[in-house]
Amino acid sequence: MTFICSVCGGEHSELPALALFRPDHWLSFSPEQQLEGELTSDWCMTPDGHYFVRCSLLLPIDGAPDRTFAFGVWSSLSEDNFKHYVLAFNDKGQSKLGNMFGWLSNELPGDFAGSLHLKCQVWPQDDRQRPLIELEPTDHPLARAQREGISFEYAQRLAHEHGAI
């Protein structure tokens, strides 16, 4: 499973992740208001008291059990879970925190429209890897794609349509 990159012209076997760099809620604040919160590459606290962590949402690739297509997205967390997560951030064994309830906090484009506020579980990972998101099993196209997988060709199309390749 290789493809030719439309940007560099090179042949690649790994698909890039599509990353969203902030939770959608952050964008509802003016630059002045944002100064009252905190946004890092790993977590966000908004001026109105909402808490978010950056995560990976993986979609399995059909016929390739060891390959996934990744979205870098954000999930909300309760204040308590957020505090536990941040306190354990530099701990190599973050998975011991266990899963935490959240809401997917980005609207994904195209076929996955309506993804904002899907229920999910956030699974912290060891060795400072981004937490994984497991969506609640619903009929939403993104939840189905996470459960059932997508074709490599569809993953290429997603990456291409959103400027990743």
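Here is a walk through this structure, from its overall outline down to a few single residues.

First, a word on what you're looking at: this is a predicted model, where local features need pLDDT of at least 70, side-chain atom pairs count only at pLDDT 80 or more, and totals for chains, interfaces and linings use all residues. Residues are numbered from 1 along each chain as its sequence is written, and side-chain values use heavy atoms, with hydrogens and water left out.

Let's start with the outline. The protein has four helices and ten strands; these are DSSP runs, numbered from the N terminus, with helices being H or I of at least four residues and strands being E of at least two. Starting at the N terminus, the order is β-β-β-α-β-β-β-β-α-β-β-β-α-α. Along the principal axes, the C-alpha atoms fill a box of roughly 45 × 35 × 30 Å. The radius of gyration is 16 Å, which agrees with the value near 15 Å for a compact globule of 165 residues. (That radius is taken over C-alpha atoms, and the globule rule is 2.2 Å times the number of residues to the power 0.38.)

How much of the protein is tucked away? Buried residues make up 39% of the 165, where buried means under 20% relative accessible area, exposed over 50% and partly exposed in between, using a 1.4 Å probe and protein chains only.

Now find strand 7 (64-77). Eleven of its 14 residues are buried, so this strand is mostly covered. Strand 7 pairs with strand 6 in the antiparallel sense, over eleven bridges; to count as paired, two strands need at least two bridges found by DSSP. One of the matches here is L57 with F71 of strand 7. Two residues sit between these strands in their hairpin, and G63 there takes a positive phi near 75°. Strand 3 (residues 18-19) also joins strand 7, but in parallel and through two bridges, with A19 opposite G72.

Next, look inside. In soluble globular proteins, nonpolar side chains tend to be buried together. The largest nonpolar core here has 35 residues, and F69, F71 and L142 have the most contacts inside it. Such a core is a set of buried Ala, Val, Leu, Ile, Met, Phe, Trp, Tyr and Cys residues joined through side-chain atoms within 4.5 Å. Elements that each supply at least two of its residues include strand 6 (51-61), helix 2 (79-87) and helix 3 (141-148). Strand 6 gives the largest share, six residues.

Zoom in on L142. Leaving aside neighbours within four places in sequence, L142 is in contact (heavy atoms within 4.5 Å) with residues including L57, F71, L135 and S115. That last partner, S115, lies in the loop between strand 8 (100-103) and strand 9. S115 counts as buried because its relative accessibility is 0%. With residues up to four places away set aside, S115 also touches N106, E107 and H140, among others.

Finally, what about the cysteines? The count of disulfides is zero, a disulfide being a pair of cysteine sulfur atoms within 2.5 Å. For C55, the nearest cysteine sulfur is that of C120, 6.9 Å away. Both are hidden: C55 is buried at 0% relative accessible area, and C120 is buried at 2%.
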